[in-house]
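The following paragraphs offer a guided reading of one protein chain. They proceed from a single strand pairing to the surrounding sheet, the overall architecture, the nonpolar cores and one helix.

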Amino acid sequence: MHDHRRLGRELDLFDTDPLMGAGLPYWLPDGALIRHTLEEYVRDLERAAGYRHVYSPVLGKRELYEISGHWDHYSDDMFPPMEPGGQGSEQLVLRPSLCPHHALIYRSRSRSYRELPLRIAELGAMYRSEPSGVLGGLTRVRAITLNDAHIFCTLDQAVAEARSALALIARAYADLGIHAVRHRLSLPGEGGKYVADPELWSRAGALLREVLDGAGVAYEEAAGEAAFYGPKIDVQIVDPAGREATLSTVQIDFHQPARFGLHYIGADGARHRPVMVHRSVIGSVERAVAHLLEEHGGAFPAWLAPVQLAVLPVSEAQEEAAADLARRAETAGLRVRLADAGQGSLGARVRAARLVPYQAVIGEREAAAGSAAVRLRDGRRLGEPAVGDLVRRIAARVAARGTELWD
Ligand SMILES: [Zn+2]
């Protein structure tokens, strides 16, 4: 069974240090490479879907979270405020979510109905105060990088926007090889955690059902799993131990736009309240990488793998031919590891490269022919293509993303 914590250490992807603190992992070069690739992928996907990216600070004044409702409904999960000007001065809080910042960015300009839907996205840090006993790996952390976005739109646009967000999630899962086990419509439960506004809950719930029904997605309803300000669609994944977790979410929210007094000028020249669609395609980067590790056992899809091609000369005599292939592959944008004969027997080097999607072995015959004997990570052998051909085909496969290693 794959445990992302063990794999993360074995593959040198991430680790923690008690002095940095529990639940505050750091990323090593190969882990950072995977993370960069994943983040750039998500930004590209979002840009193509009409999102604009912003940056906003990880701190905000306490008043900001009083307005958003976090202070009343979520403060148990927040770090205590800081008072940089001394006691009694303004209080700053590490943010527990990005929504309030994006609401202020929306509010910072006057908005016309012509600008809507306005899709604001950010891969941003947020913080959760949890006791150190429950922390570990990348799934229970105090610092979270969320793939977040807020779509400000008219009521008429909300269902279509939420449905497009679901489609974006499905597309990303296909590219990443992630399997959703089920969709859940998360509704409020008992207790004072939820804002009291029955009309709001039933309107938002009805719209989310419309989103799911229209998308033809089967789902279950679950009480007590909503956000404090509204119901949400949760896309559920399961780890190798069978534990279920939420990775991606889509929400339709009437609460925050009202709390922040958001408006736009309609075609009628009057002020109207926008709806906020909150959505996350891959959830937090931390949980996404943890899940990818466990789902693939460290054998990442080729486009995400820290090393995509291992080049293995059989003996010293082929090192020049091997270096030439490595150079060509690097020029084509691939991440290459050249494992020379000095690093051990061919068998040992092949085993060391077992998670690398493409392995190119160059012996005497291949060196003379300008080719390489190609083996895929899954054991398939592809014959001995010419090196130029090989590089072109791998580069095309990587650019197409997805989990297929070869066409
Ligand atoms: Zn949000």
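Which residue in E14 is the bridge partner of Thr249? In this predicted model, the partner of Thr249 is Ser280. The pairing belongs to an antiparallel association of strand E11 (residues 244-253) with strand E14 (residues 275-280), which extends over 5 bridges. E14 is also joined by 5 bridges to strand E7 (residues 143-153), and these two strands likewise run antiparallel. In that second pairing, Phe152 has Met276 of E14 as its bridge partner.

The wider arrangement is an open sheet of 8 strands with mixed pairing, in the order E3-E6-E7-E14-E11-E10-E8-E9. Its edges are strand E3 (52-53) and strand E9 (219-223), each of which pairs on one side only. E14 sits between E7 and E11 in that order. Because 6 of the 6 residues of E14 are buried, the strand is largely enclosed by the rest of the structure. Val275, Val277 and Arg279 point one way from E14, whereas Met276, His278 and Ser280 point the other way; all are buried.

Consider next the chain as a whole. It contains 13 helices and 18 strands, and its C-alpha trace spans about 75 × 50 × 40 Å along the principal axes. Of its 407 residues, 37% are buried. Among contacts between residues at least 6 apart in sequence, 70% join residues at least 24 apart. The chain is divided into domain 1 (4-296) and domain 2 (309-400), and the C-alpha centres of domain 1 and domain 2 lie 41 Å apart.

The nonpolar interior may be read against a general tendency. In soluble globular proteins, nonpolar side chains tend to be buried together. Here, the largest nonpolar core comprises 84 residues, and the members that touch the most others are Ala162, Val277, Val289, Leu309, Val311, Leu325 and Ala360. Helix H6 (residues 155-176) supplies the largest share of this core, 9 residues. The core draws at least three residues from each of domain 1 (4-296) and domain 2 (309-400). Setting aside residues up to four places away in sequence, Ala162 touches Val211, Val250, Ile252 and Val277. A second, separate core has 5 residues, among them Leu187, Tyr194, Ala226 and Ala227.

Attention now turns to helix H9. Its 12 residues reach 16 Å from the first C-alpha to the last, close to the 16 Å expected at 1.5 Å a residue. Why is H9 described as largely enclosed by the rest of the structure? The reason is that 11 of its 12 residues are buried. These buried residues include the nonpolar-core member Val289, as well as Glu286, Arg287, His291, Glu294 and Glu295.

Glu295 merits a closer look. This residue lies in helix H9 (residues 285-296), and it counts as buried because it has 20 C-beta neighbours inside 10 Å. Apart from its neighbours within four places in sequence, Glu295 is in contact with Gly177 and Ile178. Glu295 and Asp239 are 56 residues apart in sequence, yet their C-alpha atoms are 7.5 Å apart in space. Just after H9, Gly297 takes a positive phi of about 60 degrees.

Conventions:
Residues numbered from 1 in each chain as written. Predicted model: local features only at pLDDT ≥ 70, side-chain atom pairs only at ≥ 80, totals over all residues. Core = buried A, V, L, I, M, F, W, Y, C linked by C-beta atoms within 7 Å. Helix = DSSP H or I, 4+ residues; strand = E, 2+ residues; numbered from the N terminus. Domains from an automatic or database assignment. Contact = placed C-beta atoms within 7 Å. Expected span 1.5 Å × (residues − 1). Pairing = 2+ DSSP bridges.
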